[in-house]
Each structure stands twice: as C-alpha cells, then as structure tokens.
Amino acid sequence: MTYDIAIIGTGAGGATVARELSKKGLKVLILEKGKRYPVGKSVNHIKNIQMDLKLDLINENKENYEFLNYPAELMYIEDLGGTTPVSLANACYACSNCYSNSATNQFKIHGIDLFKELIDASADLKVSPFPADLMGPATCKIVDAGENIGFFMEPMPKFIDFSKCDGCGLCINGCKINAKWDATHFINEALENGATLISDFIVTKINHNKKELTGIEGISGDEIKKFKVKKVILAAGALNTPQILKNSGITENVGEGLFCDLFITIGGYIKDINFNKEIPMGVKSEFGPYFLSPHFSNQLIVLLKNKGFNANPEDVIGIMIKIADEANGKLNEDKTITKPLTERDLGLLKEGYEKSEKLLVEIGVDPSSIVSTHIRGAHPGGTAAMGKVVDKNLETEIKGLFIADASVIPQAPGRPPILTITALAKKLANNIVQDIQLKKKTKI
Ligand SMILES: Cc1cc2nc3c(=O)[nH]c(=O)nc-3n(C[C@H](O)[C@H](O)[C@H](O)COP(=O)(O)OP(=O)(O)OC[C@H]3O[C@@H](n4cnc5c(N)ncnc54)[C@H](O)[C@@H]3O)c2cc1C
C-alpha cells in the first residue's frame with residue numbers, strides 16, 4: 001500500500017491533520033506510539049517528568065511559599081488521542097485583546113493569520129461558554145467572592161457538548177458519554193474516511209537526503225519497520241517531536257525554548273463544600289500573563305492532612321494560578337528537563353498566589369488551612385518553534401517534513417493550547433491540500 005502522507009502521533013495536532021486530509025480523499029497513514037484504551041480512567045495514564053527549576057531564587061522565598069518546597073513536574077500522555085483525553089475541555093483563544101502571546105497575536109508576527117482557523121476549530125470542537133445552570137454552588141461562591149474583591153469572573157469556554165453533559169465533574173478521566181471532545185473523535189472520523197492507523201508503533205527517525213524526505217523508520221514490537229513516503233507530519237508532542245528530529249540529524253534550536261504554562265493550585269478547608277463534585281475550571285479571572293480558575297486537586301487533601309486538618313475530598317476548595325512562563329526550558333540529551341524559574345515567573349506565581357489567598361478567605365476558608373501544590377506544567381510547547389525550526393508553513397529544513405503540535409508555538413500562551421494547536425493543524429492541512437490541487441492542475 002502506498003500513502004500520500006504519514007502522520008506521527010494522534011494528539012490534538014496529529015488527529016486534526018489526519019481528519020482534515022482523509023476527508024479530502026488523501027491516503028493517510030497514522031503511526032501512534034501508544035494504544036487505544038477504554039475511556040473513564042485516562043487520569044491513570046498521565047506521565048510525570050521532573051523539571052529542574054535551577055532553584056537559585058528559591059531559598060530566599062521558600063519559607064513564605066510552600067509551592068517552592070517540592071520538585072516541579074510536567075504532565076503528558078502517550079496513547080491514542082495524546083494528552084487530550086485528560087483535558088478539562090478549556091478552550092481559550094479569545095484573550096487576543098488582553099494578552100500579546102495569544103494565538104492570533106504571536107503567529108501574526110510570523111505572517112500567519114489564524115483567526116479563521118480558530119473560528120473553524122471552535123465550531124468543530126463545539127466550543128461554548130460554561131453554562132450558568134451547570135455551575136455548582138462552590139463555583140458560584142467563588143464568582144461572588146471574586147466580584148466582591150474586584151476580580152472580573154467570566155465563564156470558561158469549553159469544548160463540551162452541554163446538551164449531553166451530565167455535570168459529573170470527572171472530565172480528567174475521559175468522558176464516558178462523549179460530551180467532551182478529545183482527539184480520538186477526530187481519529188475515529190479519519191478511520192471512517194479510510195485512513196490507516198498503526199498503534200504501538202514508535203517512530204524513531206525520519207529518513208532524508210539532507211534536502212528531501214525519503215521515509216520513516218520505527219519500531220513495532222521487536223521489529224524495525226520502514227515506510228517510504230514523500231510527506232510526513234510530525235505531531236508527537238513537544239517532548240517527543242524534538243527527540244525524533246534530533247535522531248534524524250535535525251538539531252539546530254531543537255529541544256530549546258520549552259515553556260509549559262506553569263501552574264500551582266492553592267486551596268483550603270471548608271467542611272462539606274462539595275467542590276470536588278463540580279465541573280472543574282468553570283470560570284476564570286484574567287490578569288494578563290496569568291489567570292485564576294477554580295480547581296480541585298487531590299494533592300490538596302494530602303497537604304491539608306499534613307497540616308492537621310481532617311480533610312475529606314468534600315471539604316476542599318481550590319484555585320489554580322496558571323502563568324505564561326518564559327520559553328527558557330531545555331530538553332537535555334539524557335532526557336531530563338532544565339527549566340530555570342525566572343524572577344519574572346516566580347513574581348507572577350506569587351502575585352497569583354496572593355490574589356487567590358484573598359479570594360479563598362473571602363469565600364470563608366480558614367486562612368490557617370491554606371496550602372499549595374508544587375509547581376506543575378501541563379502545556380509543554382516551544383521545542384521546535386516557528387521561526388527557529390519550522391517556517392510559517394510549518395515545514396522544517398527538510399522539504400516535505402512538517403510539524404503540527406505544541407512544539408511549534410513560539411511563546412507560552414499562558415492559556416490552554418488545544419484550540420490553537422487544532423487551528424494550526426487545520427491551516428497546515430488546507431495548505432497541503434491546496435498544494436496538491438495546484439500540482440494536479442499544473443500537470444493538466
Ligand atoms: C491534566 C491536563 C489537563 C489539560 N487540560 C487542558 C485543557 O483543558 N485545554 C487545553 O487546551 N489543554 C489542556 N491540556 C494540555 C493539552 O492536553 C496538550 O497541550 C495538548 O493535548 C498537546 O497536543 P499535541 O498535539 O502537542 O501533543 P500530544 O497530545 O502530546 O500528542 C502527541 C502524540 O504523539 C504520540 N507519540 C509520541 N512519540 C511518538 C513516537 N515516537 N512515535 C509515534 N507516536 C508518538 C503520543 O503517544 C501522542 O499520541 C491539559 C493537559 C493535562 C496534562
């Protein structure tokens with residue numbers, strides 16, 4: 001069998017190009033490292049990798065900020081659908097008027113207007129604002145308290161079909177009733193359109209003659225397999241795409257410029273608040289390079305218990321502070337991650353922490369119960385950035401090798417990136433289809 005194009009990875013980027021190109025009748029081969037697993041337990045598939053924050057600043061601050069006392073972690077998934085099945089369905093892109101790293105703004109600098117694709121992607125993912133009738137009592141308390149202290153609270157845009165959603169609040173487990181979009185939906189469509197999926201296939205390198213692509217190499221079980229193909233879309237995610245590029249001899253700027261939208265969740269004790277049963281992150285309050293949003297984390301329970309509070313999951317309320325961190329991280333040769341915490345980033349986390357503390361106290365949380373999780377990241381990107389590794393058409397220095405995942409985003413958006421990745425992937429698919437059509441016309 002010969003293929004027009006091979007796609008590596010089935011996350012937000014890979015699944016979108018697979019769907020779009022198969023819809024146009026192209027013969028698409030999809031290679032995925034992981035496999036399909038039953039929905040409902042996605043959270044158990046999360047991989048955590050430690051980040052070395054180079055803690056120069058930390059000793060001066062760690063007494064006052066508990067989140068500096070533990071190692072930082074980055075989360076991702078390697079399975080069908082990539083990291084999308086655990087997403088909380090947040091679909092931010094509409095902050096272009098308030099923050100310069102937004103999807104539309106940061107790509108305009110490179111000569112790309114993503115506005116139309118963002119609108120189209122929103123329609124495909126059925127994005128709509130979180131509806132008031134699904135807002136639980138604890139989230140309502142956060143909204144009221146926020147407004148009392150002058151924070152503007154707005155509904156979070158979500159890729160949830162709210163006509164199906166039963167409000168269980170377990171989005172992170174993968175949606176059993178398919179109300180939440182994830183990338184497996186697009187893979188299923190691609191398969192219906194005739195695409196071929198080979199899972200449990202680890203792509204190791206791209207073969208090329210320094211100018212043009214010749215094929216792909218990878219491991220399936222114990223066997224090394226090769227495919228001859230003239231176009232490849234690499235969408236293995238911001239942690240794996242650089243690895244494949246480096247194995248293929250493409251090294252300049254690769255694996256550098258890592259950001260991950262660093263976040264912490266701070267919380268406290270209120271008996272029987274039942275926040276854990278509500279849809280997470282239903283609202284947000286924007287503060288330029290960071291935002292605050294209601295967030296439950298199991299880690300808060302452990303931290304409260306350590307502080308002497310007899311907390312059950314029903315007794316915990318929390319706020320996430322998520323920042324657009326500096327794109328200063330690096331994937332090292334030994335697969336470790338260095339991500340120095342800069343003075344600016346620490347300042348933003350501290351600012352958000354203090355605002356959230358005020359908010360929790362306004363809700364009625366006992367100030368002595370306030371605890372904070374360690375620093376985490378869940379939006380890795382920037383490691384094969386536009387302008388450095390790919391051009392504005394998402395093509396690398398090797399003709400025919402494109403990238404369509406979070407690694408091409410140059411700067412941290414500080415907002416959930418799935419919608420942006422989907423829009424970029426749609427743009428790439430449209431360009432490829434137009435290019436093929438043009439070549440056919442020229443031949444005629
Ligand atoms: C808990 C959590 C909640 C989140 N919530 C949200 C949210 O609400 N909204 C939002 O926008 N974002 C959210 N995110 C972030 C979002 O899920 C990711 O940023 C996004 O899915 C990344 O997409 P991607 O296409 O770059 O890559 P990925 O989703 O990482 O997909 C990469 C794919 O490539 C495959 N792969 C890797 N290596 C190879 C190889 N060598 N060969 C073949 N295949 C390979 C992987 O298995 C995977 O399928 C969340 C993340 C986490 C962890």
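In the predicted model, helix α5 (residues 137-148) and helix α9 (residues 343-363) cross at roughly 115 degrees, and their axes come within 9 Å. Because angles of 65 to 115 degrees count as roughly perpendicular, α5 is classed as roughly perpendicular to α9. The crossing in which α5 passes α9 is right-handed. On the α5 side the contact is made by Lys141, Ile142, Ala145, Gly146 and Asn148, and on the α9 side by Leu359, Glu362 and Ile363. Four nonpolar, two polar and two charged residues make up this contact between α5 and α9.

A second helix pair consists of α1 and helix α6 (residues 183-192), whose axes come within 8 Å and cross at roughly 25 degrees. As angles under 35 degrees count as roughly parallel, α1 is therefore roughly parallel to α6. The crossing of α1 past α6 is left-handed. Ala12, Ala15, Thr16, Ala18, Arg19 and Ser22 represent α1 in the contact, where they meet Ala183, Phe186, Ile187, Glu189 and Ala190 of α6. By class, the residues joining α1 and α6 are seven nonpolar, two polar and two charged.

Helix α1 also packs on strands. It lies across β1 (5-8), β2 and β12 (232-234), and the angle between α1 and β1 is about 155 degrees. These three strands belong to an open sheet of five strands, ordered β8-β2-β1-β12-β22 and paired in parallel. At the edges of this sheet are β8 (196-198) and β22 (401-403), each of which pairs on one side only. From one strand to the next, the twist averages 20 degrees. Strand β2 (residues 28-31) runs parallel to β8 and is joined to β8 by three bridges. Within this pair of strands, Ile30 has Leu197 of β8 as its bridge partner.

A further open sheet contains three strands in the order β9-β10-β11, and here the pairing is antiparallel. Strands β9 and β11 (223-228) form the edges, each pairing on one side only. Neighbouring strands of the three-stranded sheet are turned against each other by 25 degrees on average, direction ignored. Between strand β10 (residues 213-220) and β11, which run antiparallel, there are six bridges. Ile219 has Ile224 in β11 as its bridge partner.

The surroundings of the ligand draw on several of these elements. There are 41 residues around the ligand, and those that come nearest are Gly9, Gly11, Gly82, Gly237 and Pro416. At least two residues of the shell are supplied by each of α1 (12-23), β4 (72-76), β9 (201-208), α7 (237-247) and α10 (418-443). The largest share comes from α7, with four residues. By class, 22 residues of the shell around the ligand are nonpolar, 14 are polar and five are charged.

Two of the elements that supply the ligand shell also appear in the packing and pairing described above. Helix α1, which supplies at least two shell residues, is the helix that lies across β1, β2 and β12 and is roughly parallel to α6. Strand β9, which likewise supplies at least two residues of the shell, is an edge strand of the antiparallel sheet.

How values were computed
Residues are numbered from 1 along each chain as its sequence is written. This is a predicted model: local features need pLDDT of at least 70, side-chain atom pairs count only at pLDDT 80 or more; totals for chains, interfaces and linings use all residues. A residue is near a molecule or strand if its C-beta atom, placed from the backbone, lies within 6 Å of it. Ala, Val, Leu, Ile, Met, Phe, Trp, Tyr, Cys and Pro count as nonpolar, Asp, Glu, Lys and Arg as charged, and the others, Gly among them, as polar. Two strands pair if DSSP finds at least two bridges between them. Axes are lines fitted to C-alpha atoms, for helices over the stretch in contact, and angles run from 0 to 180 degrees between N-to-C directions. Two residues are in contact if their C-beta atoms, placed from the backbone, lie within 7 Å. Angles under 35 degrees count as roughly parallel, over 145 as roughly antiparallel, 65 to 115 as roughly perpendicular and the rest as oblique. A crossing is left-handed if the near helix is turned anticlockwise from the far one by less than a right angle, and right-handed if clockwise.
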